[in-house]
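Me: Could you take a close look at one part of this structure and walk me through it in a connected way? I am new to it, so please explain the terms as you go.

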Amino acid sequence: MVGEKVVIVFDFDRTLIDDDSDRWVVENMGLTHLFNQLRPTLPWNALMDDGGAAFTGKTVEHIAECLKQVPLHPQTISAIQSAHDLGCDLKVVSDANQFYIKTILKHHGLYIYFSEVITNPTSVDGEGRLRIFPYYDMTSFHGCNLCPPNLCKIQASMSEKRKSRFIYLGDERGDYCPTLKLDKGDHVMPRKGFPLWDRLLSDPNLLKADYHEWSNGEELESILL
């Protein structure tokens, strides 16, 4: 990698943080029962959109205070700081949303280390409600059959692929597509025991990048650095 730009791409839920930010908000704001009732009728992104019935009476400030309680492993924090100090370009690519990710990273003093956060966009409407939108227009499918219709992580995150070497950390099914596009000399770090790890092990011959599994913050830091 000497002389080449090194880009480190982190998934967010269950990679940068140990929990899932959507589920953290649902459970810690006492919305689990209501979400379970609404889940059969709406896609997940629509459920998390504060324009729906599930977040009635919950303000953006309530949601932000809940998100600030999300813990980050201290060695994940130090790994991010060290990688940035080494000159790596750090990005987040996630099927969470802009407000959740930005709130958590800012609270832990980490937002400044990332050049880009690629995720579902958000805004606050005239009534002060948080609105969450798909990264891609759901009516114009991006054409990748490995990814959900709202976000293909490879198309969103690797526009500079030819000029850079990539290290990709992830855990979920949506991280499978990007890892298949990595080349020899790139690195993938799947979290052990999670869906990405299972899929990569099921057919390792499809992977051209070097493979490094990890389980917790200590291993993430030591392997990454």
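Reply: **A close look at one site**

Leaving aside its neighbours within four places in sequence, Asp-22 is in contact with Trp-44, Met-48, Asn-97 and Tyr-100, where contact means heavy atoms within 4.5 Å. This is a predicted model, in which local features need pLDDT of at least 70 and side-chain atom pairs count only at pLDDT 80 or more, while totals for chains, interfaces and linings use all residues. Residues are numbered from 1 along each chain as its sequence is written, and side-chain values use heavy atoms, with hydrogens and water left out.

Asp-22 lies in helix α1, residues 21-28 (helices are DSSP runs of H or I with at least four residues, strands runs of E with at least two, numbered from the N terminus). With 7% relative accessibility, Asp-22 counts as buried (under 20% relative accessible area; exposed is over 50%, partly exposed in between, with a 1.4 Å probe and protein chains only).

The unreviewed UniProt entry lists Asp-22 together with Asp-95 under "binding site", although such annotations may be inferred rather than shown by experiment. The two span 74 residues in sequence, yet their C-alpha atoms are no more than 10.0 Å apart, so they gather at one spot. Both Asp-22 and Asp-95 belong to the lining of the second largest cavity (a set of points on a 1 Å grid over the protein atoms alone where a 1.4 Å probe fits but cannot get out; lining residues have an atom within 4 Å of a point).

Asp-95, for its part, sits in strand β2, residues 89-97, and is partly exposed, at 24% relative accessible area. Its side chain makes a polar contact of 2.9 Å with the side chain of Asn-120 (N or O atoms within 3.5 Å, one able to donate a hydrogen and the other to accept it; residues adjacent in sequence count only if both atoms are side-chain atoms).

How values were computed. 1 Å grid on protein atoms, 1.4 Å probe; cavity = no way out; pocket = protein on both sides within 12 Å on 5 of 7 lines; lining within 4 Å.
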